[in-house]
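Here is a model to read with its terms in hand. The turns below ask what lies behind each label.

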Amino acid sequence: MTYVAAPFFNDEEIEKLNLLRAFLLEQFPETDFFFPRDHKIPNGEIMTNSEWAEKVYDMDVEALRNSDAVIAIYFGQYSDSGVSWELGYASARDMPITLLVVDPKKDQNIMPINSANFVFDFEEFITNNCPFDIINKINQK
C-alpha cells in the first residue's frame, strides 16, 4: 500500500489532493492507496474532539505501518505539520518517500526535501512529464 500524505484544510489543498487522487487511481489502478481524508471514524460525530483526534491518529499511524511507501503533497517551508510528521515517521522507518512540491519557487525546508527519495514538481508529476513507473521505483527502494 502507498500512503498519500496531504493537507486538506483549504480549497487549494483539497484541489491538489483531488487532482493527485484522480491521477494515481487512473494511472495505477492495481496499486492500493491510502488517502487519510477518505477514512471516517465510526461514531466520530458523537465523540469528543480529543477522542476523535486519538482515533484519527491511531488509524493514520496504522496505515503508515502497513504502507510500503509515501507520496506527499508539499506546500513548502511552512507546509502542514501533520504531513511533516508523516514524512518524519516514514523517514525514520526507511520508507521510500516521493515529495510533490506545489510551488518550487517557495522556500523549502531541508528536512522534507532531504528525506525524500524522489522530488518532483507537482504539476509536472501529474502531466505527461510524470515518470509512469514511479510506483515500481518507489516500491523497489
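**Contacts, cores and a pocket**

Q: What makes the residues around Tyr 3 its contacts?
A: The model is predicted. Leaving aside residues up to four places away in sequence, Tyr 3 touches Phe 34, Pro 36, Asp 60, Ala 63, Leu 64, Ser 67, Ala 69, Val 70, Ile 71 and Glu 86. They count as contacts because contact means heavy atoms within 4.5 Å.

Q: Why is the set that holds Tyr 3 and Leu 99 called a nonpolar core?
A: Tyr 3, Ala 5, Val 70, Ala 72, Leu 87 and Leu 99 touch the most other members among its 18 residues. At least two residues come from each of β1, α2, β3 (69-74), α3 and β4 (97-101), and α3 gives the largest share, 4 residues. The name applies because such members are buried and joined through side-chain atoms within 4.5 Å, buried being under 20% relative accessible area.

Q: Which residues belong to a second core?
A: Val 4, Phe 23, Leu 100 and Phe 122 are among the 17 residues of that separate core.

Q: What makes a residue part of the lining of the largest pocket?
A: The pocket has a volume of about 610 Å³. Of its 25 lining residues, Phe 8, Pro 36, Val 56, Asp 60 and Glu 86 are the closest to its centre. Each of the 25 counts as lining because a lining residue has an atom within 4 Å of a point of the pocket. Two or more residues come from each of β1 (2-5), α2 (49-65) and α3 (81-92), with the largest share, 8 residues, from α2.

Q: How many residues of that lining are nonpolar?
A: The lining has 18 nonpolar, 2 polar and 5 charged residues.

How values were computed
Residues numbered from 1 in each chain as written. Predicted model: local features only at pLDDT ≥ 70, side-chain atom pairs only at ≥ 80, totals over all residues. Heavy atoms only, no water. 1 Å grid on protein atoms, 1.4 Å probe; cavity = no way out; pocket = protein on both sides within 12 Å on 5 of 7 lines; lining within 4 Å. Points joined across faces, edges and corners; volume = space filled by probe spheres on them. Nonpolar A, V, L, I, M, F, W, Y, C, P; charged D, E, K, R; others polar. Buried < 20%, exposed > 50% of the residue type's maximum accessible area, 1.4 Å probe, protein only.
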